[in-house]
Each structure stands twice: as structure tokens, then as C-alpha cells.
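Student: I should like to work through this structure by question and answer. May we begin once it is in view?

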Amino acid sequence: MDRDAEFRRLYEAHRAAVHAYFVGRTGDRQLAADLMQEVFLRAWQHLDRLTGLPEDGQRGWLFTVARNLSVDSARHQRTADGAQRALEHEPSGGQASVAAPASTAVLAAERATVVAAAIAKLPEQQRVTLAMAAAGELNSAEIGVALGVPAGTVRYRLSLARRTLAEALGDYDDPEEEQ
Amino acid sequence: MSLDDDLAAWAATVRLPEADAAAIFQRIVASAAGPAAPAERPVAPAAAPSLDPSWWRGYNAGFAARMVASTAPVRLAA
């Protein structure tokens with residue numbers, strides 16, 4: 001397999017997960033894309049070394065680079081400040097406090113805003129794990145390899161995150177539901 | 001609407017669009033840094049200019065003289 005084809009396979013296999021990781025860390029889809037590009041640029045530069053690794057080893061390598069990038073102090077400071085705002089505004093299709101009458105589209109947008117705000121408020125470890133599961137479509141074992149934690153820890157973080165989200169949505173649903 | 005539906009809807013808003021992902025791929029592959037890998041191979045050092053044979057003859061003679069002198073028995077003080 002030539003160099004470009006090998007890199008394309010690597011990129012397609014892992015780009016969504018790496019991007020989801022950065023979305024969880026930064027809360028900003030565009031900044032996450034920039035960081036993802038940097039990770040894969042390094043992968044491109046070290047492709048000869050990467051191609052000799054098994055699948056899990058490649059994922060581990062990519063996420064080691066990703067973690068190192070995301071702890072870069074200046075970048076992290078900038079992104080941490082914007083993380084909450086960005087996540088809250090991401091699905092900004094409608095106003096959060098529309099009362100009535102509400103079409104299905106408006107309700108969906110409002111609900112999406114509630115979900116995004118609740119995700120933004122999660123502790124970082126839970127937010128990153130949830131983003132990798134939901135947007136990166138990785139299972140617990142794969143997330144564990146990427147983050148360097150046991151799969152059981154991943155499942156526990158996901159469980160906590162889902163419970164918090166369910167409570168936030170419960171608070172949102174209850175006042176309207178019975179009328 | 002289930003929590004999974006909510007999460008799927010959220011994920012759709014944060015996922016990188018295919019067009020953006022393709023553009024990033026092209027930028028990386030087109031970068032000058034990529035094909036630089038073969039250049040990382042160690043390059044053989046350039047040969048140093050050789051010394052004149054007469055310099056080596058003088059050097060060897062001096063070296064031999066120093067070696068012989070260094071093996072002479074030390075004269076003990078009376």
C-alpha cells in the first residue's frame with residue numbers, strides 16, 4: 001500500500017474519534033478540527049513508524065499526541081474559557097426560552113440547547129468520554145485505549161454523564177409534560 | 001424522545017462535516033513536511049580532507065618515542 005493510501009486508511013479510521021475527543025476537551029467544533037489536523041499532520045510525518053503498529057497501538061499513538069496537544073497551556077486556557085459558551089451555543093437553532101406556541105422544530109431546537117448546556121456543565125472527564133462515545137462512536141474498550149484508562153472506568157463515567165443529562169432533561173420535561 | 005436520541009442529535013451538531021474532513025486530509029497530504037521522512041535518514045558525514053603523508057611520519061615517530069620513554073624504569077631517589 002502506498003504512503004497516501006496508508007495515511008488515508010489511518011485518517012478515515014480515527015479522525016472522527018480524535019475530533020470528538022477535542023470537542024469534549026474544548027467545546028469548540030472548529031478548534032477541535034484545527035487540533036485534529038495537527039494530530040494527523042504529525043501522524044503523516046511519522047507514518048513509517050505508525051504503519052508498523054497494530055490498530056490499538058495506532059489509536060494509542062494518536063491519542064497520546066492528542067492529549068499532549070490539548071494540555072498546551074496557552075491553547076487550553078483559550079479553549080477552556082470558551083468551552084461552555086461554545087457548547088451552549090452550538091445548536092443555536094432557536095431561543096431557549098420560547099414559551100408558546102411551540103412548533104415541533106422549535107421544541108427540538110430548545111431541547112437540543114438544553115442537552116448542549118447540560119453536556120457543557122459536565123466534568124471534563126465525563127464530557128470527553130461522552131463526546132467520544134456519542135460523536136466518535138467508540139465503544140468503552142476503544143475509549144479506554146485512547147484515554148489510557150480501564151474500560152470499566154469509561155463505563156462508569158458514561159453512566160454518571162447520562163444520569164446527569166437525564167436529570168437535566170427531566171427538569172426540562174416535567175413542567176410541560178402534564179399540561 | 002429518548003436520551004440516546006438527544007445524544008445523537010447533539011453529536012450531529014458537533015461532528016466534523018465530510019467536506020471539512022476531506023479538506024484537512026488534502027492539506028496534510030499536500031504539506032511539504034510529509035515526504036520529508038526519507039530525508040530523516042542519517043546522512044554519511046563528508047570525508048575530512050586528508051593530511052600529508054609527511055605529517056603522519058612525523059607524528060608516528062614522535063608517538064613511538066613517547067611510548068618508549070614512558071616504559072623506562074623510574075629512577076628511585078637514594
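Student: Is A:Glu124 buried, partly exposed or exposed?

Tutor: The model is a predicted one, and the classes rest on computed accessibility. Buried requires under 20% relative accessible area and exposed requires over 50%. The value for A:Glu124 is 30%, so the residue counts as partly exposed.

Student: Which residue does A:Glu124 meet in a salt bridge?

Tutor: The pair links distant parts of chain A, with A:Glu124 in helix α7 and its partner in helix α1, 99 residues apart. The partner counts as buried at 12% relative accessibility. The closest approach given for the side chains is 2.9 Å, N to O, and the partner is A:Arg25.

Student: How many of the 11 residues of helix α7 of chain A are buried?

Tutor: Helix α7 spans residues 124-134. Its buried residues include A:Val128, A:Leu130 and A:Met132, and A:Arg127 is also one of them. The helix is largely enclosed by the rest of the structure, because the number of its residues that are buried is 8.

Student: Which helix of chain A holds A:Glu55, the salt-bridge partner of A:Arg9?

Tutor: The closest N and O atoms of A:Arg9 and A:Glu55 are 3.7 Å apart. A:Arg9 is partly exposed at 30%, and A:Glu55 is partly exposed at 37%. A:Arg9 lies in helix α1, so the pair ties together parts that are 46 residues apart in sequence, the helix of A:Glu55 being α4.

Student: Which residue is linked with A:Arg9 and A:Glu55 in a network of salt bridges?

Tutor: A:Arg9 and A:Glu55 form a salt bridge with each other. The network takes in one further residue of chain A, namely A:Glu6.

Student: What is the relative accessibility of A:Asp48?

Tutor: A:Asp48 meets A:Arg3 in a salt bridge at 3.5 Å, N to O. The pair joins helix α1, with A:Arg3, to helix α3, with A:Asp48. A:Arg3 counts as partly exposed at 25%, whereas A:Asp48 counts as exposed, at 56%.

Student: What area is buried between chain B and chain A?

Tutor: The contact involves 26 residues of chain B and 33 residues of chain A. B:Trp10, B:Phe25 and B:Ile28 lose the most area on the chain B side, together 25% of what that side buries. Carbon and sulfur atoms give 66% of the total, which is about 2,800 Å².

Student: How many salt bridges are there between chain B and chain A?

Tutor: One salt bridge joins B:Arg15 and A:Glu137 at 3.4 Å, N to O. The side of chain B that touches chain A has 6 charged residues, beside 16 nonpolar and 4 polar ones. The count of salt bridges between the two chains is 4.

Definitions and conventions. Residues numbered from 1 in each chain as written. Chains lettered and ligands numbered in written order. Predicted model: local features only at pLDDT ≥ 70, side-chain atom pairs only at ≥ 80, totals over all residues. Heavy atoms only, no water. Contact = heavy atoms within 4.5 Å. Buried area = accessible area lost by both parts, 1.4 Å probe. Nonpolar A, V, L, I, M, F, W, Y, C, P; charged D, E, K, R; others polar. Buried < 20%, exposed > 50% of the residue type's maximum accessible area, 1.4 Å probe, protein only. Helix = DSSP H or I, 4+ residues; strand = E, 2+ residues; numbered from the N terminus.
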